[in-house]
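Subject: Structure handover

Hello,

Here is the structure I promised to pass on. Please open it first, then read my notes alongside.

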Amino acid sequence: MLYIGAKVKMKKSKPLHLEEVKRKSKVMLGTKKVFKLEDGREIEIETGKLAKQADGSAVVRMGDTMILATVCAKKEAGENVDFMPLTVDYQEKYAAMGRFPGGFFKREARPSEYEILISRLIDRALRPLFPDDFHAEVQVQVSLISGDQSNPPDALAALAASAALAVSDIPFNGPVSECRIALIDGEFVINPDYAQMERAELDLVVAATYDNIMMVEGEMKEVSEDVMLEALKKAHASIRLHCQALNELTEMVGKTQKREYCHEENDLELKAKLHEAVYQKCYDFAKKGIKSKSERGEGFEAIKQEFIATLSEEEATEKAFMIGRYFHDVEKEAMRDMVLQERVRLDGRQLNEIRPIWAEVSYLPTPHGSAIFTRGETQSLTTCTLGTKLDEQIIDGAMVEGKNNFILHYNFPGFSTGEVKRSGSTSRREIGHGNLAMRALKQVIPSEEECPYTIRLVSDILESNGSSSMATVCAGCLALMDAGVKITKPVSGIAMGLIEKNGNWAVLSDILGDEDHLGDMDFKVTGTRDGITACQMDIKCDGLSYDILAKALAQANEGRMHILNIIEDTIPAPREDYKPNVPRVIKMVVAKEFIGAIIGPQGKIIQEIQKDTNTIITIEEVNEQGVVEISSVNKEGIDAAIKRIKGIVAVPEIGEVYEGTVKNIQPFGAFVEFLPGKDGLLHVSEISWNRVDNVEDVLKVGDHVNVKLVDVDKKTGKFKLSHRVLTPKPEGYVEPKPQRPSKPHAPRPNQPKSND
């Protein structure tokens, strides 16, 4: 047994020959690939040094930011799996920034919303590039192991994940990578630092292969469609450098050949038979333009069951999974062909036609603001709540710390799609959709000086058939205006789709859930009348030209304007005033040195004021001043709190008259609190023009008395008060001469001192 601290005699190792040392060092150091960005900064990719038992692992470094990515895949797919079971987890280690995690256990726990959002960015870049028939479970884990403020890790995470796949034998149609592009002071900047991002007018994360853009997500301050297209082109040019480096790294480690697999069992005769039997029926049914999602689903299911009825019971049972997969493929093909050939949609709309919309505000009587926004079969009920600084969201991440005073939560219950779904924790999809809507609306939120509230929007999706995140943007805009929040401009959002086949394509406005699922693109765009505020795009096809992107953006602009008209018809502008149940917030600025006096020892003073006035009070130091925020539904309570605080911060002035409270009585006078925390002596001679022999005959503890500050002792700072000067002076009054205390007689010479 080896005890901690025990001395252990180590066996001497044999010296290694020089060649053996070189060979072992090469194995230990692994393989590195270094490439430069356009501005000269270097990115280093290293593999073969860490996590070598994973199928693939890589460390990406830029500056002092280092990200470790690993990927593992099962050898075989699960039974009856016809999808890509991919799991992506991104985690930021607090040690990477030399920090301790918060909480009781002081360790990294469940991922934060920020980490989940980065995981989604990586997932959306990788998922479309796995082969369609590869169904083995794959797990990608990406960790920040070192960080600096000059190189944010979120823009490098997908590069690290793609590098891990590039050096593995897992089938993958990559490489793919991501970068951030920002528009700062009129110039495009690739992968800016945190300080630069605060000045950005456009902030996009773009994922792409060498040939095609795969994913876009970001926010903007009302930029034009042309600016956004230019940003995508510059980002793609930078990503091509990443992809070239990853291809070279794959060759360096000898992983150009990927593993063989067979994850799909096929019956080509059955597939051809099904296609011949149902394709035209699906095409003709799709052409009917049925608006109801449930009716369409039942119709396609009836076609499927009609085919199954032609099979023997044994074959139908044995090959049920295969039949379902083949029918889905035929349904997708027929719907896409119908749209491209007939130029109409599944629900009968034209390509650029928006579904019927109705909206209503103040549907709920109690919330500070509420709205319903319904577009086709998609409906959001959104509420707005206005709170104080105490309601701000605290952000305590490894890389980012701070507070957030605008929060948007998106909920997607099972009943919204007519499903029985177990309620659990918030899903990654809900977090992602809520974040997109929040980024769309935060661009028009007024400044803290104009709106001193913490704002929380909650979107509950009550019906869903596509574009529920965009319904959240529209309902959120309406709820903000209903609450009286003076947003700078209304915002609307729309989801665009794409059907593309053999060079023939159609851009679809306001897509249905089926069009999202069976189409090639989901492109969400939000904005005001003056420009785009946020976007999110996922591409499922092999290529997307800039001509198609330009068409999609132009068509999205038309749709946004149409929806903005409906929003403005519902409520033309934010309400002039907040509703009666909204807490009013008043701000006061006090000198920095009074902050402690307002708070009091262990918060005693501020807690007492809040309790007595039924208010919520916060105070913080801003620019060498104390900013006091007082909130209450009751105006009288706010006024009372203001009076108390003004009393605390007031500077006593000689000659001023105050209403004081007797706190203590002594034979020589009374101590009166004339300002909060400030006592002065009301001497017995200053109580009245008449002689007072006993103070308690005139004053009692707790009595209120008006006093005048007549002097302040320069040495001790003690306050001298007078009440009698505030009363009429008696006619013929003569100030009594003070009696001089008698002095003891000095002992006579030669007279002994008394021993008493």
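Start at Pro 175, which sits in the loop between helix 3 and strand 7 (177-184). The peptide bond from Gly 174 to Pro 175 is cis, and its omega is near 5 degrees. Another backbone feature is in the loop between helix 9 (320-342) and strand 11, where you will find Arg 343. Arg 343 is not a glycine, yet its phi is positive, at about 60 degrees. For background, most residues other than glycine have a negative phi, and most peptide bonds are trans.

**Confidence**

Keep in mind that this is a predicted model. The average pLDDT of the protein is 89, and 93% of the residues reach at least 70. Two stretches need caution. Over residues 1-13 the pLDDT stays under 50, and the model gives them one contact beyond four places in sequence. Residues 752-756 also have a pLDDT below 50, with zero contacts beyond near neighbours in sequence.

**The six-stranded sheet**

This sheet is open, and its six strands follow the order 1-2-3-4-6-5. The pairing is mixed. Strand 1 (31-36) and strand 5 (86-92) are the edges, each pairing on one side only. Direction ignored, neighbouring strands are turned against each other by 15 degrees on average.

Now go through some of the pairs:

- Strand 2 (residues 42-47) and strand 3 (residues 56-62) run antiparallel, joined by three bridges. Glu 44 stands opposite Arg 61 of strand 3.
- Strand 4 and strand 6 are antiparallel too, with nine bridges. Here Ala 77 faces Ala 136 of strand 6.
- Strand 5 and strand 6 pair in the parallel sense, over seven bridges. Gln 91 has Ser 143 of strand 6 as its bridge partner.

**Helices on that sheet**

Which strands does helix 3 touch as it packs on the sheet? They are strand 1, strand 2, strand 3, strand 4 (65-77), strand 5 and strand 6 (136-146). The direction of helix 3 makes about 45 degrees with that of strand 4. Helix 5 lies across strand 1 and strand 2. The angle between helix 5 and strand 1 is about 160 degrees.

These two helices also meet each other. Helix 3 (residues 157-166) packs against helix 5 (residues 225-252) at about 25 degrees, with the axes 9 Å apart. An angle under 35 degrees counts as roughly parallel, so helix 3 is roughly parallel to helix 5. The crossing of helix 3 and helix 5 is right-handed. Helix 3 contributes Leu 159, Ser 162, Ala 163 and Ala 166 to the contact. Helix 5 contributes His 242, Leu 246 and Thr 250. By class, the contact of helix 3 with helix 5 has four nonpolar residues, three polar and no charged ones.

**Helix 6 and helix 7**

Look next at helix 6 (residues 268-286) and helix 7 (residues 293-308), whose axes come within 10 Å. Are they roughly parallel or roughly antiparallel? The axes cross at roughly 150 degrees. Angles over 145 degrees count as roughly antiparallel, and therefore that is how helix 6 and helix 7 are arranged. Helix 6 passes helix 7 in a right-handed crossing. On helix 6, the contact residues include Leu 270, Leu 274, Val 278 and Phe 285. On helix 7 they include Phe 300, Ile 303 and Phe 307. Lys 273 and Lys 281 of helix 6 also take part, as do Glu 295 and Arg 296 of helix 7. The contact of helix 6 with helix 7 divides into 10 nonpolar residues, one polar and five charged.

**The five-stranded sheet**

Further along there is an open sheet of five strands, in the order 11-12-13-17-16. The pairing in this sheet is mixed. Strand 11 (357-361) and strand 16 (406-411) each have a single partner strand, so one side of each is left without a neighbour in the sheet. The twist from one strand to the next averages 15 degrees. Strand 11 runs antiparallel to strand 12 (residues 369-375), with five bridges between them. Val 361 has Ala 371 of strand 12 as its bridge partner.

Two helices lie across parts of this sheet. Helix 10 (residues 428-442) crosses over strand 16 and strand 17 (454-463), at about 140 degrees to strand 16. Helix 13 (residues 546-570) lies across strand 11 and strand 12, and runs at about 30 degrees to strand 11.

Best wishes

Technical notes:
Residues are numbered from 1 along each chain as its sequence is written. This is a predicted model: local features need pLDDT of at least 70, side-chain atom pairs count only at pLDDT 80 or more; totals for chains, interfaces and linings use all residues. Side-chain values use heavy atoms; hydrogens and water are left out. pLDDT is the predictor's confidence in each residue, from 0 to 100. Contact means heavy atoms within 4.5 Å. Axes are lines fitted to C-alpha atoms, for helices over the stretch in contact, and angles run from 0 to 180 degrees between N-to-C directions. Helices (H or I, at least four residues) and strands (E, at least two) are DSSP runs, numbered from the N terminus. Angles under 35 degrees count as roughly parallel, over 145 as roughly antiparallel, 65 to 115 as roughly perpendicular and the rest as oblique. A crossing is left-handed if the near helix is turned anticlockwise from the far one by less than a right angle, and right-handed if clockwise. Ala, Val, Leu, Ile, Met, Phe, Trp, Tyr, Cys and Pro count as nonpolar, Asp, Glu, Lys and Arg as charged, and the others, Gly among them, as polar. Two strands pair if DSSP finds at least two bridges between them.
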